[in-house]
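Trainee: Got a minute to look at a structure with me? I'd like to go through how the pieces pack.

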Amino acid sequence: MTSTISSDWQDIAERLGSANRLTAGWRDADRPAILRVHAGRYGPMPALPRRADWLIGAVTEAGLTGRGGAGFPTGRKLRAVAEQRGEPVVVANGMESEPASGKDKALLARAPHLVLDGVVLAAAAVGASTAHLCLPRGRNRLIADLRHAVGERAHAGIDPVAIEVHELPHGYVASSETAVVNWLNGGDAKPTATPPRPYQKGVGKRPTLISNVETFAHVALIARFGPGWFRRAGAGGATGSMLVTIAGAVRAPGVYEVEAGTQIGLALDRGGLHGQARSVLVGGYFGSWHEIGQVGTLPLASGPLKSVGAAPGAGVLYALPPDACGVAETARVLGWLAGESANQCGPCMFGLPAIADDFAQLASGRPRGNLYDRLHRRLDVVSGRGACAHPDGAVRLARSALSAFAADVRAHASGRLCGPARRGRGDGPALPLPPSFGGSGRDSWR
Amino acid sequence: MTRRLAVNPIACTGHGICASMLPELIGLDEWGYPIMPDHPVPDDLTPLARRTVRLCPTLALRLESADRR
């Protein structure tokens with residue numbers, strides 16, 4: 001049935017274009033599209049037999065990669081889950097614990113049915129009859145909206161799949177896939193050791209497809225309009241569109257949809273980049289700092305970004321305000337990341353606070369002992385030694401700061417603060433940091 | 001058959017017995033947690049590696065075939 005796209009669908013596909021797909025009709029909306037509006041916008045959801053291999057093939061052919069951070073090919077993930085023994089389970093990850101990102105919330109709050117369509121279609125494709133939507137506890141309006149949307153679908157009787165909405169503790173590492181699975185299994189929202197990976201043994205010991213909510217929304221579009229249409233957008237080896245969160249030194253911060261592989265400079269310009277901004281954080285707090293002059297013409301796509309040690313990650317582009325000190329901002333984020341450790345693995349539990357402390361010394365211009373050697377040794381030794389990628393992300397951020405802010409780092413290390421650090425910042429710290437989850441005791445891991 | 005040492009970082013609590021049993025292969029970081037070698041266990045050390053795995057108080061250490069990683 002994929003080969004023959006009805007003329008209605010063709011009209012809609014044309015209208016959606018290349019970077020107005022997920023955000024069609026809702027850029028300025030302040031409430032979720034109800035089921036009828038959603039169906040008018042995208043057309044009815046294609047009917048799907050169970051174990052529909054064609055959808056897995058279509059997603060593979062589309063070249064869709066996960067939009068949560070790791071960027072794994074979604075078709076391969078679907079295939080791996082479908083090929084395991086036993087009935088699979090589907091999990092949509094809407095935790096979005098990345099403080100600088102707002103895309104998942106924006107998508108869920110405006111187009112919940114696009115995400116839910118994708119969840120239902122993916123579930124049918126792999127042969128699952130249960131799906132879980134995981135949302136951050138405390139975002140009460142979002143949770144109510146999604147429960148309402150699930151209720152609408154149940155009332156309309158359109159889904160062969162039961163969708164359960166869950167509220168999980170909103171810690172940074174609580175959004176990693178093994179943590180979500182562990183929570184759904186009755187445990188803490190803390191990462192677990194792998195193997196087994198969720199696709200092998202996840203929720204209820206069943207093969208589990210867990211993907212970011214935006215990824216499911218793309219699946220819903222591929223099922224309707226086909227892989228050829230999906231690939232009409234994209235550059236730099238990446239296909240389709242993607243949501244990005246543009247923030248920092250821009251006139252209009254917010255969530256934008258761009259073609260995957262859009263040049264970083266052009267993406268930043270969507271938000272109206274401040275002319276004086278020189279550095280950009282790419283990906284998120286597990287991402288990396290770069291000089292805009294060096295990465296501005298690079299596509300926001302994993303292949304081309306690999307050459308500079310970057311990745312699209314969760315689609316965050318944060319332009320450092322020109323009056324902020326990159327060293328001090330990184331020190332703040334590293335301190336926060338250290339506090340977000342689940343404190344399960346020694347190298348993360350002890351290594352991240354040590355690295356954050358070294359950075360704090362650097363930021364204050366009062367290094368103790370042989371700071372460079374100590375910091376580099378710690379960065380080398382911590383990486384790759386956690387059960388999850390949390391320590392690796394913190395190390396990546398720290399290393400990139402040492403390189404992107406090299407001149408400022410040298411000045412700070414010799415006791416001379418850089419200009420912004422000396423003058424201080426009227427607006428206070430730049431990068432957004434929620435209250436620490438791990439250390440505050442404001443919430444439990446369960 | 002080539003084998004590789006691996007540690008479950010959640011189970012490991014840093015007793016350090018592995019590093020004292022097998023200093024040829026396992027070092028400790030500054031916080032007392034073991035650093036696994038990035039090369040396979042040489043044949044002549046395999047019996048000692050097996051004994052070390054059995055002695056880990058938290059059963060965090062494994063000897064696994066080198067092809068899975």
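Trainee: So how many residues are in the largest nonpolar core, and which have the most contacts inside it?

Mentor: It has 147 residues, and those with the most contacts inside it include A:V115, A:V119, A:V180 and A:L334. A nonpolar core here is a set of buried Ala, Val, Leu, Ile, Met, Phe, Trp, Tyr and Cys residues joined through C-beta atoms within 7 Å, and buried means 20 or more other C-beta atoms within 10 Å of a residue's own, with C-beta atoms placed from the backbone. This is a predicted model: local features need pLDDT of at least 70, side-chain atom pairs count only at pLDDT 80 or more, and totals for chains, interfaces and linings use all residues. Residues are numbered from 1 along each chain as its sequence is written, and chains are lettered from A and ligands numbered from 1 in the order in which they are written.

Trainee: What does A:L334 touch?

Mentor: Leaving out residues up to four places away in sequence, A:L334 touches A:I355, A:A356, A:F359, A:A394, A:L397 and A:A398. Touching means C-beta atoms, placed from the backbone, within 7 Å.

Trainee: Which residues are in the second core?

Mentor: That separate core has 13 residues, among them B:C12, B:L22, B:A49 and B:A60.

Trainee: Switching topic: how many residues does each chain bring to the contact?

Mentor: Chain B gives 9 residues and chain A gives 11.

Trainee: And how does chain B's side divide?

Mentor: The side of chain B that touches chain A has 6 nonpolar, 2 polar and 1 charged. Ala, Val, Leu, Ile, Met, Phe, Trp, Tyr, Cys and Pro count as nonpolar, Asp, Glu, Lys and Arg as charged, and the others, Gly among them, as polar.

Conventions:
A residue is buried if 20 or more other C-beta atoms lie within 10 Å of its own, exposed if 12 or fewer, and partly exposed in between; C-beta atoms are placed from the backbone. Two residues are in contact if their C-beta atoms, placed from the backbone, lie within 7 Å.
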